[in-house]
Structure formats: structure tokens, C-alpha cells
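Colleague: I would like to learn how to read a few local features in a model. Can we take them one at a time?

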Amino acid sequence: MRIERPKEIERFGAIRFGELQRIFELDSGPGNGDSPVVNSAIMQVGSQALAEVQKDMAIIVPVRNERLKLVEGVLCGIPHPCLIIVVSNSPRDPVDRFGMEQDALQEFCTFTGKQAVILHQKDPIIARALAKVGYRSVLGEGRQVRDGKAEGMLLGTLLARLAGKKYVGFVDADNYFPGAVEEYVRVYSAVFATCESPYTMVRIAWHSKPKIVESKLFFRKWGRTTTRTNEFLNRLLAHYTGYDTDIIKTANAGEHAMTMELAMALDYSSGYSIEPYHIINLIEQFGGIHESEALRQLQHRIEVYQVESRNPHLHEAGDDSHIDDMSYQAMQVIYHSSVCPDRLRKDLHRVMVSNEYCTPHAKPRRPRYFPPLQTLDFNKFSAAIADHPQAKLILGGNL
Ligand code: GDP
Ligand code: CO
């Protein structure tokens with residue numbers, strides 16, 4: 001894979017936000033064995049170097065009630081060396097959708113000679129283990145893990161950590177193009193093969209989302225939610241630096257990956273607010289705006305890469321209420337951050353009121369927050385899931 005280097009970098013406390021990078025070649029050949037070539041203009045990572053990273057990477061697929069054919073396509077796009085972890089919140093009755101997903105994954109594993117993990121978000125053994133180690137904020141009614149995409153991602157990340165992986169990447173289960181999924185994972189791998197810090201995040205900006213407009217295909221670049229959330233985050237950065245910026249292009253990037261060190265250090269927030277919150281929480285912890293123990297202890301800088309995919313992104317279209325939901329959740333999480341400047345908070349409120357997300361005299365609801373996973377006692381957690389049917393797979397180190 002051959003990707004341009006970020007031309008501009010916005011430094012913010014210990015964080016380096018890289019400008020959007022283009023891809024020149026999806027496959028740049030075998031390259032130099034497993035050593036990538038990096039110069040000021042490009043990074044070139046050969047196939048062997050990509051595979052080396054992928055052996056240490058878990059790809060987490062959050063699923064809720066997606067069409068099985070779509071999920072199968074996504075599985076087929078994930079490069080072979082990666083560990084697949086499916087976290088499903090699909091219903092089990094009246095039709096056992098989760099059972100169907102398990103069957104499909106089993107069949108996939110048989111044909112590909114792989115082992116993969118599939119877990120239900122409401123799995124009682126996992127919930128009990130979380131309660132045992134005191135990680136209760138993620139548990140809701142009936143002591144089950146709460147609904148939500150972030151909640152599923154969090155479980156997946158935890159399993160990836162237990163399986164000893166060094167990197168975690170996320171891909172949505174509703175992608176129509178397996179080739180796009182493959183591209184995202186290749187991008188994650190190329191960045192991890194060349195990054196300098198153990199605290200690195202890579203976020204995908206979709207090249208375009210195809211839509212049919214007047215019976216022709218139209219490749220729309222920026223969606224409404226993304227544009228708005230990017231703008232709010234950029235305004236937040238500009239407030240502190242005193243310079244206008246448009247560096248953030250991936251505020252709502254569902255497709256992203258992190259080194260395990262970073263994934264363990266971040267706080268999480270619920271549902272769809274998680275993606276913008278990654279950026280907000282980085283600034284809260286490592287931006288140097290407030291006193292922070294995390295920043296004092298940090299020995300490295302934090303690198304954030306943003307890469308524009310070449311494949312168009314086609315997924316299950318959400319209706320307007322879904323889009324409103326995502327927009328609202330993104331705005332809530334920015335609004336309630338301690339690093340949100342007053343003026344931005346006022347503007348956020350105005351936009352939320354005009355969209356009827358909240359009333360003029362009420363504050364928007366606070367999202368739910370979950371503490372960093374590194375606070376967990378992993379040995380205790382492992383012991384608590386020892387009788388889980390997938391425990392051998394996860395803890396046995398044979399993945
Ligand atoms: P969008 O693509 O950002 O509009 O959001 P989607 O509704 O497509 O959700 C993104 C991914 O998260 C999809 O793969 C969903 O199936 C999955 N997802 C949504 N809600 C949940 C949930 O509560 N739990 C889990 N595990 N996955 C979810
Ligand atoms: Co989607």
C-alpha cells in the first residue's frame with residue numbers, strides 16, 4: 001500500500017492531528033520484505049509488512065440486526081491474518097438472529113480455516129465478569145450490558161486485549177462492498193507499520209457515498225452530520241490555538257483503529273457519540289488544557305492519522321431519525337466536555353434547539369461515560385469468564 005504522508009500537522013498538547021492523506025496504490029507490491037519505506041512524501045508498506053501487523057490486530061465488527069448477506073460480505077473483506085471479533089446485539093427471539101450470525105461465522109471459519117470470536121452483547125457470563133471487576137457503568141437493566149454501538153465496541157476491545165492483540169480496528173457490519181472493508185484494514189495496517197508512537201489512532205474518511213440523484217449515480221462527499229461535527233471540533237481546536245483550522249475531517253469515523261495502549265487509555269461514551277468523543281477525550285486527557293495525570297504520565301506523543309479511502313462507502317441507509325440521533329449524540333458529547341468553550345457551547349445549544357433535539361430552557365442530556373479499560377483487573381476478569389464457551393479461544397492465546 002502506498003499512502004501520502006500528512007502534509008500539515010496540527011499540534012495540540014501531546015497530540016498530533018495529521019491532515020487528510022490520500023492513497024496512491026492499494027497494493028504497492030511485496031516491497032522490501034517486512035520493512036516499510038517512509039520519506040517526507042509517502043509511506044510505502046509491502047504486503048509482508050502489512051501481514052505482520054495484521055497478525056497482531058483484532059478487527060471488531062459490531063452488529064445489530066443487519067442482513068446476513070451484508071455481514072458475510074464484510075467478513076470476506078477482512079484480511080486473513082486478522083482476528084475477527086463479532087459483537088452482536090441482534091435479537092434472539094422471535095427469530096434467533098444471533099444464532100443465524102453464529103452459523104454464518106462458523107461456516108466462514110470452516111471454509112477459511114480461521115478461528116473467530118462471536119459474542120452477544122447481552123452475554124450473562126461477560127456481564128457477570130464485568131460486575132465482578134467493578135466495571136458497572138456499562139451495565140444497565142437486569143445487570144446486562146446496555147444497548148449501543150460503543151458498548152459493543154468496548155466489549156470487543158476488551159476481548160482483543162485478553163487475546164493479546166496489539167491493535168484494534170473497527171468495521172461496520174452493514175457495508176455493501178467487501179473491497180472497501182479490505183481497504184480500511186489495509187490502511188490501518190499501513191499506518192501501524194509506519195507510525196512512531198505506541199499511542200496511535202487512524203480514522204477513515206470515506207471517499208464518497210454513492211446516491212441516486214435524478215436517476216444517475218452521484219458520489220456525495222460530505223454528509224450532513226459529518227460536516228457539522230467536523231466543524232464543531234475544528235472550532236474547538238481553533239479556540240485554543242487562535243488559528244482557524246479545518247484539520248478534522250473524520251469526526252464521525254465509524255471506521256477507525258487504535259494501538260492497544262491508546263484503546264486502553266481512552267474513556268468511552270455511549271452509542272454513536274463514541275467517534276467524536278475519541279477526539280474530545282484525547283483533548284481532555286492529552287491536550288494540555290487542564291491539569292491531567294494522564295498527560296503527566298505520558299512518555300510519548302499521540303498520533304492521529306486521517307486517511308481518505310478510494311472505495312466509495314455504501315451502507316444500509318439510515319432514515320432521518322437515525323441521522324438526527326447521531327447528530328444529537330455527537331453534539332451532546334461536545335457540549336458536555338470540560339474543554340468546550342462557552343461560545344461553542346451556546347452555538348451547539350442553538351443548533352440543538354433549532355433541530356428540536358432539546359428545548360430552549362433545558363440543557364441537552366449528558367451521554368453516559370465509561371472509564372478507561374486499563375482500570376480493569378484483567379486477571380480477575382479472565383478468571384471470571386473461564387467457564388465461557390469461547391474462553392479457550394480468547395484466553396488460550398491460540399488466535
Ligand atoms: P451508521 O453507519 O453510522 O449510520 O450507523 P449504523 O446504524 O450502520 O451502525 C454502525 C454499526 O454498528 C453497524 O454495524 C450496526 O449493526 C452496529 N450497531 C448499531 N447498534 C449497535 C448495538 O447496540 N450493538 C452492537 N454490537 N452493534 C451495533
Ligand atoms: Co451504517
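**Reading local features**

Modeller: Keep in mind that this is a predicted model. We can start from a helix: Glu 107 is found in helix H3, which covers residues 97-112.

Colleague: Which residues form the negative surface patch?

Modeller: Asp and Glu count as negative. Here Glu 107 joins Glu 72, Asp 93, Asp 96 and Asp 103 in the patch.

Colleague: Asp 93 is in that list. What is the peptide bond from Asp 93 to Pro 94, cis or trans?

Modeller: That bond is cis, and its omega is near 5°. Pro 94 lies in the loop between strand S8 (83-88) and H3.

Colleague: Which residues coordinate the cobalt ion (ligand 2)?

Modeller: Donors are N, O and S atoms within 2.8 Å of the metal. The cobalt ion (ligand 2) is coordinated by Asp 174 through OD and by His 315 through ND1, at 2.0 to 2.1 Å. Asp 174 sits in the loop between strand S10 (167-170) and helix H6 (178-194), and His 315 in the loop between strand S16 (302-308) and helix H11 (320-335); the two are 141 residues apart.

Colleague: What is the geometry of the site of the cobalt ion (ligand 2)?

Modeller: The site is square planar, with angles of 82 to 164° among its four donor atoms.

Colleague: How many salt bridges are there?

Modeller: A salt bridge needs a side-chain nitrogen of Lys or Arg within 4 Å of a carboxyl oxygen of Asp or Glu. The count comes to 19. One of them pairs Glu 316 with Arg 67, at 3.2 Å from N to O. This pair links distant parts of the chain, 249 residues apart.

Notes
Residues are numbered from 1 along each chain as its sequence is written. Chains are lettered from A and ligands numbered from 1 in the order in which they are written. This is a predicted model: local features need pLDDT of at least 70, side-chain atom pairs count only at pLDDT 80 or more; totals for chains, interfaces and linings use all residues. Side-chain values use heavy atoms; hydrogens and water are left out. Patches are made of residues with over 30% relative accessible area and no salt bridge: like charges are joined within 9 Å, nonpolar side chains (Val, Leu, Ile, Met, Phe, Trp, Tyr) within 5 Å. Accessible areas come from the Shrake-Rupley method with a 1.4 Å probe; for residues, only the protein chains shown count as cover. The place of a charge is taken as NZ of Lys, CZ of Arg, CG of Asp or CD of Glu. Helices (H or I, at least four residues) and strands (E, at least two) are DSSP runs, numbered from the N terminus. Donors are N, O and S atoms within 2.8 Å of the metal (3.2 Å for Na, K and Ca); water is not among the atoms, so sites may look incomplete. Four donors count as tetrahedral if all angles lie between 85 and 135 degrees; four count as square planar and six as octahedral if opposite donors are over 155 degrees apart and all others between 65 and 115; anything else is irregular.
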